[in-house]
Amino acid sequence: MIVNKKMNKTVFVGMSGGVDSSVAAGLLKKQGYDVIGVHLRCFNLDGCADRDLEDARRAAEVLGIPFYVWDYEKEYKKDVMRYMIDGYKKGITPNPDVMCNKEIKFGLFLDKALKTGADYVATGHYIKIQNSKIKNQNDKSKFKIIYRLFQAGDTNKDQSYFLWTLAQKQLKNCLFPLGNLKKPEVRKLAQKFGLLNAAKKDSQGICFLGKVGLEDFLKKYIKPKKGNIVDAEGNVLGKHDGVFYYTIGQRHGLRLDTAAKSPDSEPYYVADKILRTNTLIVAQGENNLALFKKEVELFNINLINPTRITSLIRANGQISVLARVRYRQPLFKAKLVLGRKSSVVGCKLIFDDPVKFVAVGQSSVFYSTEGEMLGGGIIKM
């Protein structure tokens, strides 16, 4: 399929079958774009993929737009699922949703769409995108366009945390029509457009697992290995089947001895995982100091708008930022410390106040104090 160029700009919308991406397609058509719906067939375990495909097809039919299915199951297994399994084998907590956006939606999908004739791709993500002109440093009479990302208008649905890997070369061809909308408004628009999925529930958890439990999935690829659950003093409180299956801050699913899980006692949380000895360390009480960290080092850093970083950085190489280390976490104050000569190598976040449940392998994302997403990185051991 090669798109014949018309007067209007052409946008390929990734239609998952959910209400958000369907409304995104409807809004773009209403704005005058030539809209083409594309369902990305990826790996899925519980059979909901076929239902989602049919929901996406019906939405495209109602909207009166062309619809195609692009198969990325092989690539998803290699670039997302394998990445996740390998991460858990190493004892870290990977983020497959971040990797899916990087490798599939804004990697393979974006590249193929542009080669096929698209001017833009769009998704139903809740995030704001803006562009601004800045003067060319080498020729003051010329300007260049800089693309900037901000938290969504609906802070309860904001998905900027999952999109920190995007760079300028991708953002110039991206549209996010839902950035200023709240979820109830999106559902009302879906009803107005006559979409059959207007009341469809939002997906929860890791996208390809569906209703399959994470531990059940991982046990197919990581062999169980019995080990001890201990407290900070080394007292054995229970047994587990492998530290791979747990993440920092986890409360449920701990197989503690009867005495440790007394109804009158505070709950235990995973505080650390020692892969070498296959030991799971827990701490009692959600405010236990063992659950907090004062700083983290980051790697695989991406700075969305390096020019903005340059304008914010202080002489000591620090930037005052707002940050989060997991999805839906409130933003907290921190200092972003870049490496020598403002390099991203050796970058770290120093929190103004200690932060709870920091998991190695998860994404840490940072924003300016005005709410612009500056970038992110992976939390290092």
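## Cysteines, sheet order and salt bridges in a predicted model

Cys 174 is buried, its relative accessible area being 4%; buried denotes under 20% relative accessible area, exposed over 50%, and partly exposed the range in between (1.4 Å probe, protein chains only). The model is predicted, local features being taken at pLDDT of at least 70 and side-chain atom pairs at pLDDT 80 or more, whereas totals for chains, interfaces and linings use all residues. Residue numbers run from 1 along each chain as its sequence is written, and side-chain values rest on heavy atoms, with hydrogens and water left out.

The cysteines were examined further. Zero disulfides are present in the structure, a disulfide being a pair of cysteine sulfur atoms within 2.5 Å. For Cys 174, the closest cysteine sulfur is that of Cys 100, at 14 Å, which is too far for a bond. Cys 100 is likewise buried, with a relative accessible area of 5%.

At the level of the whole protein, eight helices and 17 strands are found; these are DSSP runs numbered from the N terminus, helices (H or I) having at least four residues and strands (E) at least two. The radius of gyration is 23 Å, in agreement with the value near 21 Å expected for a compact globule of 381 residues. This radius is taken over C-alpha atoms, and the globule rule is 2.2 Å times the number of residues to the power 0.38. Along the principal axes, the C-alpha atoms fill a box of roughly 70 × 55 × 35 Å. Of the 381 residues, 51% are buried. The protein exposes about 19200 Å², of which carbon and sulfur atoms supply 50%; accessible areas were obtained by the Shrake-Rupley method with a 1.4 Å probe, and for residues only the protein chains shown count as cover. Among contacts (heavy atoms within 4.5 Å) with a separation of 6 or more, 64% involve residues 24 or more positions apart.

An open sheet is formed by five strands in the order E3-E2-E1-E4-E7, with parallel pairing. Strand E3 (67-71) and strand E7 (174-175) occupy the edges with a single partner strand each, so one side of each has no neighbour in the sheet. Two strands are regarded as paired if DSSP finds at least two bridges between them. Between strand E2 (residues 34-41) and E3, five bridges run in the parallel sense, and Val 38 has Tyr 68 in E3 as its bridge partner.

Met 373 is located in strand E17 (residues 372-379) and is buried, at 0% relative accessibility. Apart from residues up to four places away in sequence, Met 373 touches Ile 127, Leu 149, Phe 150, Ser 160, Leu 163, Trp 164, Ile 304, Val 365, Phe 366 and Tyr 367. The C-alpha atoms of Met 373 and Ile 146 are separated by 13 Å, the two residues being 227 residues apart along the chain.

The structure holds 25 salt bridges, each defined by a side-chain nitrogen of Lys or Arg within 4 Å of a carboxyl oxygen of Asp or Glu. One of them joins Asp 52 and Lys 200 at 2.8 Å, N to O. Asp 52 belongs to helix H2 (residues 48-63) and Lys 200 to the loop between helix H6 (183-193) and helix H7 (214-218), so this salt bridge ties together parts 148 residues apart in sequence. Both side chains belong to partly exposed residues, with relative accessibility of 21% for Asp 52 and 22% for Lys 200. Another salt bridge connects Glu 295 with Lys 348 at 3.5 Å, N to O. This pair links strand E12 (residues 292-303), which contains Glu 295, to strand E15 (residues 348-356), which contains Lys 348, 53 residues apart. Glu 295 is partly exposed at 38%, as is Lys 348 at 27%. In the salt bridge between Lys 219 and Glu 215, the closest N and O atoms are 3.1 Å apart, and Lys 219 is partly exposed, with a relative accessible area of 29%. A network of salt bridges links Asp 20, Lys 157, Lys 183, Arg 187 and Asp 202.

Positive phi angles were found at two non-glycine loop positions, described in turn. Arg 328, with phi of about 65 degrees, lies in the loop between strand E13 (318-324) and strand E14 (332-337) and is exposed, at 52% relative accessibility. Phe 357, with phi of about 60 degrees, lies in the loop between E15 and strand E16 (363-367) and is buried, with a relative accessible area of 13%.
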